Amino acid sequence: FPTRRSSDLYRMRHNLLIPFEKKDDIKKKFGIKWDAENKIWYYVCNGDLPEELDVYREMIVDVKYEDKDIMKKKFKTMRWNKVDKIWTMSKEEYITI
């Protein structure tokens, strides 16, 4: 049977909401991956995200249905998380609310 390294037990997936125009540079520098099924970038590491990626961390946003279109226009990274049925946006935009 295959065995796991102990460091694999602590690996975490961090979902990232990265603006389209920045994705290539960030992918090249950090090796982020694309989850095609859920349509989201992610980074796997043993612990905290690098500070440069932390601003793109997926944050939960409480948005009323009638406000969603206005919010989507104002915040480029805002998206509907169809798995968890919640609105999310990058930490970078979230802290401006």
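## A tour from the pocket to the strands

Begin with the largest pocket of this predicted model, where about 250 Å³ of space lies. To find the pocket in your viewer, select L17, I18, P19, F20 and K76, which lie nearest its centre among the 14 residues that line it. If you then colour the lining by class, you should count 8 nonpolar, 1 polar and 5 charged residues.

Keep I18 selected and add L16, I26, F30, I32, W41, Y43, C45, L49, L53 and Y56, because these 11 residues together make up the largest nonpolar core, and in soluble globular proteins nonpolar side chains tend to be buried together. Helix 1 (23-30) and strand 3 are the elements that give two or more residues to this core, and strand 3 gives the most, with 3 residues. A second core, separate from this one, has 7 residues and includes M71, F75, M78 and W87.

Now go back to Y56 and show what surrounds this residue. Which residues is Y56 in contact with, leaving aside its neighbours within four places in sequence? They are N15, L16, L17, I18, P19, K22, I26, S90, K91 and E92.

Next, select strand 6 (residues 86-90), where 4 of the 5 residues are buried, so that this strand is largely enclosed by the rest of the structure. Two other strands can be added to the view, one after the other. Strand 4 (residues 58-61) is joined to strand 6 by 4 bridges, and the two run antiparallel; to see this pairing at one position, pick M59, which stands opposite M89 in strand 6. Strand 5 (residues 79-81) also pairs with strand 6 in the antiparallel sense, over 3 bridges, and here R79 is the residue to pick, since it stands opposite T88 in strand 6. Strand 5 and strand 6 form a hairpin with 4 residues between them, and if you select K85 in the turn you will find a residue with a positive phi of about 60°.

For the last stop, move to the loop between strand 3 (40-45) and helix 2 (51-54), and select D48, which lies in that loop. Is D48 buried or exposed? Its relative accessible area is 72%, and a residue counts as exposed over 50%, so D48 is exposed. Finally, add R11 and draw a distance between the two C-alpha atoms: D48 and R11 are 37 residues apart along the chain, and their C-alpha atoms are separated by 9.8 Å.

Notes
Residues numbered from 1 in each chain as written. Predicted model: local features only at pLDDT ≥ 70, side-chain atom pairs only at ≥ 80, totals over all residues. Heavy atoms only, no water. Buried < 20%, exposed > 50% of the residue type's maximum accessible area, 1.4 Å probe, protein only. Pairing = 2+ DSSP bridges. Core = buried A, V, L, I, M, F, W, Y, C linked by side-chain atoms within 4.5 Å. Contact = heavy atoms within 4.5 Å. 1 Å grid on protein atoms, 1.4 Å probe; cavity = no way out; pocket = protein on both sides within 12 Å on 5 of 7 lines; lining within 4 Å. Points joined across faces, edges and corners; volume = space filled by probe spheres on them. Nonpolar A, V, L, I, M, F, W, Y, C, P; charged D, E, K, R; others polar.
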